[in-house]
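Thanks for making the time this morning. Please have the sequence and the model open while I talk.

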Amino acid sequence: MSENKSLVLLKHHLKSLRLPTMQHECDKIASRAAKENHDHLTFLLQLVELEMVERERRAADRRLKAAKFAYHKSLDEFDFSSQPTLNKSLVLELMRGDYLDARENILLVGASGTGKTHIATAMGIAACGQGKRVRFFRVTELITLLLEAREERQLLRLRMQLAKQDLLILDELGYVPASKAGSELLFDIVSTAYERQSLIVTSNLPFESWTEVLGSERLTGATLDRLTHRCHILETRGESYRLKDAKRRRKPGNKQNENDNGKEET
């Protein structure tokens, strides 16, 4: 059998086996192996490694898409100098993902605009890269979904979908008070996740003020009891990044401010 015919058959079989990277790269790797005098096992190993790398890349992309992050942010983009009291060493340690295997939670507490969502998102993206299933929700969005699912008798199905995740990120708890029914449904998610999944929760409220959102002291106590049992707490402080940026832009002599004013005048 000629070399060209063998290559055509090999590509056909690889396509049938759904190994697209090996199919596209086999002739290139074969040429390199012949040139560098590699044996057949080295040739096969290189092909398989390419397929595995590409398959993991596609899987990571699917996990990122399924997580439904509000936006994508990495920790490299976070300005730790603006948050000198934030425990940077703990943040870097948590980025490794050991807390996920231990089913531990992370609570990010601080004023609006101090980077809580940025850090939570960066941790979620890192978890996707570590092979974990992640889902991002704003708390108000999740409560709305839960209430709608209950009305449509799809609550059990939604709960099962959420229970399959390795990490649930609940963002912005505290911005809008929840109804009694909404608070109870949210507690059910937290309770179900307890020691089975990891949760990252961001809030602009100190713990003693969570009753303003959840309504009942009893429900608030039970929620905090489960969240904080196996938990890492990160606190952000200071002025909102967005507010500081707005002030900077409004300073006299700021070129960006002058450009913006010029655009407004035209």
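I will go through one helix, then the nonpolar cores, and finish with the cysteines.

What you see is a predicted model, in which local features need pLDDT of at least 70 and side-chain atom pairs count only at pLDDT 80 or more, whereas totals for chains, interfaces and linings use all residues. Residues are numbered from 1 along each chain as its sequence is written, and side-chain values use heavy atoms, with hydrogens and water left out.

Let me begin with helix 11, residues 217-229, where helices are DSSP runs of H or I with at least four residues, strands are E runs of at least two, and both are numbered from the N terminus. Just at its start, a side-chain oxygen of S216 comes to within 3.2 Å of the backbone nitrogen of R218. Its buried residues (under 20% relative accessible area, 1.4 Å probe, protein chains only) are L219, T220, A222, T223, L224 and L227, and they pack, with contact meaning heavy atoms within 4.5 Å, against strand 1, helix 9, strand 4, helix 10 and strand 5.

Turning to the largest nonpolar core, a set of buried Ala, Val, Leu, Ile, Met, Phe, Trp, Tyr and Cys residues joined through side-chain atoms within 4.5 Å, we find 27 residues, of which M123, I200 and L234 touch the most other members. Helix 6 gives the largest share, seven residues.

As for the cysteines, there are zero disulfides (pairs of cysteine sulfur atoms within 2.5 Å); C128 is buried, at a relative accessible area of 0%.

Definitions and conventions: The expected span of a helix is 1.5 Å times one less than its number of residues. Buried means under 20% relative accessible area, exposed over 50%, partly exposed in between (1.4 Å probe, protein chains only). A polar contact is a pair of N or O atoms within 3.5 Å; within protein, one must be able to donate a hydrogen and the other to accept it, and residues adjacent in sequence count only if both atoms are side-chain atoms.
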